[in-house]
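Consider how far a model of this protein can be trusted, and what its interior holds. The account below starts with confidence and then turns to cavities.

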Amino acid sequence: MFVPPPTHITIIGAFSFSVMFLLAKLLEGRANSFTLVFYRSLVQIAISLGGILKNQEDPLGAKEARLWLLVRGGFGSGAVIAFFFAIQNLPLPDAVTLQFTTPPFAAAFAVCLAGEPWMTIDKIGAVVCLGGVLLIAHPAWLFGSSGEEEEATTAEDIDPLMRVIAIGVGLSGAALAGMAYMSVRVIGHRASANVMVLYYGVMSEPIVIIGSKMFLGTWAVWGDHWFAPKDYFFLLLTGLAGYGGQYFTNMGLQQESAATVRLFFARHIQRSMYKETINHRQDIHDNPKTFLQYFCGAAYSCLKLTFWSYATNL
């Protein structure tokens with residue numbers, strides 16, 4: 001059976017995450033980050049458990065890998081909550097660019113904790129990645145202050161203090177994601193990609209319930225009101241896209257060293273999709289058909305990549 005190479009598996013996972021982040025942005029103001037993770041986790045539990053039962057796997061994974069499976073699930077849950085918060089409080093391209101700091105974090109953790117080599121190209125990629133984050137974050141200590149009024153003027157009228165908080169949370173999410181991806185390398189093939197997704201989903205539920213009470217003052221993580229049918233549809237798609245992102249990313253990292261997570265820079269191919277989507281955001285809200293057009297176009301690009309790898313036997 002043909003299996004795409006790790007690079008292409010990772011790109012498919014990156015595309016799935018791109019769709020998930022887009023949906024999170026479209027749900028801004030109607031579902032907070034804890035609610036998004038709550039519904040995403042329910043969908044992922046159902047799909048991953050179905051795959052595990054079909055393949056007759058142990059849902060707990062190998063005994064020697066269970067500690068790292070807990071690490072994968074716990075850090076992954078925190079990372080997704082942080083990313084959703086950043087996405088809903090920053091312009092989407094800025095929030096996603098902050099997520100690009102995950103590769104150097106993952107590489108550093110892999111070198112320190114998993115004993116993997118860090119090649120020269122990985123070091124160069126880390127420097128380029130962090131340099132781009134500085135340009136996005138535009139810290140006053142480096143670039144100077146351009147005045148409070150100018151700093152607060154963004155496409156979405158973001159408060160300067162909230163921008164700083166969102167950037168900090170986004171970077172924290174990148175570090176948590178780096179630790180989660182490093183743990184996949186330690187787990188290796190002692191647990192399948194579906195088992196890792198299941199751990200994430202099961203551990204996310206109590207984390208988001210407690211987090212919602214601590215930070216928002218409510219246990220009603222499922223939402224304090226009924227959503228519109230379109231919102232429930234978007235929440236379902238968020239779970240499906242999140243499952244695809246985690247499943248394919250886990251598969252890619254099981255076959256490729258974590259230090260070479262420079263492969264995640266392939267997410268830059270989604271950048272044009274973000275820009276075009278943001279330019280037509282109101283159209284997407286008013287016309288679901290527009291959203292499906294963007295989704296199908298990007299999906300077609302990923303399918304072309306997969307079939308190309310098969311045709312060239314890479």
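Over residues 258-273, how many contacts beyond four places in sequence does the model have? The model has 48 there, with contact taken as heavy atoms within 4.5 Å, although pLDDT stays under 50 over the whole stretch. The pLDDT is the predictor's confidence in each residue, from 0 to 100. Over residues 147-156 pLDDT also stays under 50, and there the model has 11 contacts beyond four places in sequence.

This is a predicted model, in which local features need pLDDT of at least 70 and side-chain atom pairs count only at pLDDT 80 or more, while totals for chains, interfaces and linings use all residues. Residues are numbered from 1 along each chain as its sequence is written, and side-chain values use heavy atoms, with hydrogens and water left out.

The protein averages a pLDDT of 77, and 68% of the residues score at least 70. Among its elements, helix α2 (residues 33-54) has the highest mean pLDDT, 96, and helix α8 (residues 148-152) the lowest, 43. Helices here are DSSP runs of H or I with at least four residues, numbered from the N terminus.

The structure holds 3 cavities of 30 Å³ or more. A cavity is a set of points on a 1 Å grid over the protein atoms alone where a 1.4 Å probe fits but cannot get out; lining residues have an atom within 4 Å of a point. The largest cavity contains about 120 Å³ of space. Its lining has 14 residues, and Phe17, Ala79, Val80, Ala177 and Tyr181 are the closest to its centre. Helices α1 (6-26), α3 (66-89) and α9 (160-187) each give two or more residues to this lining, and α3 gives the most, with 5.

Terms used:
On a 1 Å grid over the protein atoms alone, a cavity is a set of points where a 1.4 Å probe fits but cannot get out, and a pocket is an open set with protein on both sides within 12 Å along at least five of seven lines; lining residues have an atom within 4 Å of a point. Grid points are joined across faces, edges and corners, and a volume is the space filled by probe spheres set on the points.
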